[in-house]
Every structure is written in structure tokens, then in C-alpha cells.
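Dear colleague,

I am passing on a structure that you have not worked with before, and I would be glad if you could look it over before reading my notes. The sequence and the model are placed just below.

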Amino acid sequence: MPDTDGAVRVTIHLDGAVLWHHRPAYAELVHRAHREGLAGASVFHGFTGFGAQRRICRERPAHLAAKGPCAVVLVDEEDRLRCFLLGVQDVLEHTQAVAVLDRVDIHQAGARAAG
């Protein structure tokens, strides 16, 4: 991602237990992001949270990989992320996920300011 002025973060909130064709939906999103060549993707599992059904989920750490609230965070240029979201509508609709798009500033350790 050479130009960080147009950097955007998409955070997709979903239930970590939902499967997409026998694979966790969050893993499907990361694999598709990798295949599309996006700049970065991470998955975060929470201890407590709630979503569309308004049910609060509390899980012990040993069970977080399979259940509970989950967030997939993607970073790239805005137009690439908007196209990606269109391409994963099937997964988003199936999981009842919510995607939040934010403009971000990229800070890299050791990077010198231009100018």
C-alpha cells in the first residue's frame, strides 16, 4: 500500500461460531482478503459482546476460537476495500455481519516523515 493518505480500515463484526461452507466465516474473509491482495487482515476474538440478536456472549478464553464475538480488521485503500465488501456480500449476509469503514492514518515504527 504505497500511498497511506487514502488508507481505510474496515472492521467486520460477526459471530465467531458461524460457519461458511464448513470453515469459520472469519477465516473465509481473511482468505478472500489474502487472495485479493489486500494490505492486511487480522482477526480478534472478544471475551464479551453482543450483536444483532442483542444476546450478550461471555466465553472463557479456552473457547474463544469457536464461539463469541469476533472482528475481522482489514486495511487498504478505500476503493479496494469497497470492492472487497461487494465481493463478500454472500458471507456478510449469511453471517449477519456488520462492516464499519473508517479512514485511518498509518504510523510505522522507524518511518521518517516526508518533507
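What follows is a description of the fold as a whole, then of its sheet, and then of one helix that packs on that sheet.

Please keep in mind throughout that this is a predicted model. The protein contains 3 helices and 8 strands, and from the N terminus on these elements follow one another as β-β-β-α-β-β-β-β-α-α-β. Of its 115 residues, 33% count as buried, while the accessible surface comes to about 7,700 Å², with 52% of that area belonging to carbon and sulfur atoms. If one takes the contacts between residues at least 6 apart in sequence, 74% of them join residues that are at least 24 apart.

The sheet is a good place to begin. It is an open one, made by 4 strands in the order β4-β7-β1-β8, and the pairing is antiparallel. Because β4 (40-45) and β8 (98-103) stand at the edges and have a single partner strand each, one side of each is left without a neighbour in the sheet. From one strand to the next, the twist averages 20 degrees.

In general, the strands of a sheet pair through backbone hydrogen bonds, in either a parallel or an antiparallel way. Here, β1 and β7 are joined in the antiparallel sense over 9 bridges, and within this pair Ile12 stands opposite Val72 of β7. Strand β1, which spans residues 7-15, is also joined to β8 by 6 bridges, again running antiparallel; along this pairing, Arg9 has Asp102 of β8 as its bridge partner, and His13 stands opposite Val98 of β8.

Helix α2 (residues 78-87) packs on the sheet, where it touches β1, β7 (69-77) and β8, and its direction makes about 135 degrees with that of β7. Which residues of α2 are buried? They are Glu78, Leu81, Phe84 and Leu85, and because they cover an arc of only 125 degrees around the axis, they lie on the same side of α2. On the other side of the helix, Cys83 and Leu86 are exposed. The cover over the buried residues of α2 includes the strands β1, β7 and β8, together with the helices α1 (25-36) and α3 (89-95).

With kind regards

Methods. Residues numbered from 1 in each chain as written. Predicted model: local features only at pLDDT ≥ 70, side-chain atom pairs only at ≥ 80, totals over all residues. Heavy atoms only, no water. Pairing = 2+ DSSP bridges. Helix = DSSP H or I, 4+ residues; strand = E, 2+ residues; numbered from the N terminus. Axes fitted to C-alpha atoms, helices over the stretch in contact; angles between N-to-C directions. Contact = heavy atoms within 4.5 Å. Buried < 20%, exposed > 50% of the residue type's maximum accessible area, 1.4 Å probe, protein only. Areas by Shrake-Rupley, 256 points an atom, 1.4 Å probe, with all protein chains shown as cover. Arc of directions from axis to C-beta.
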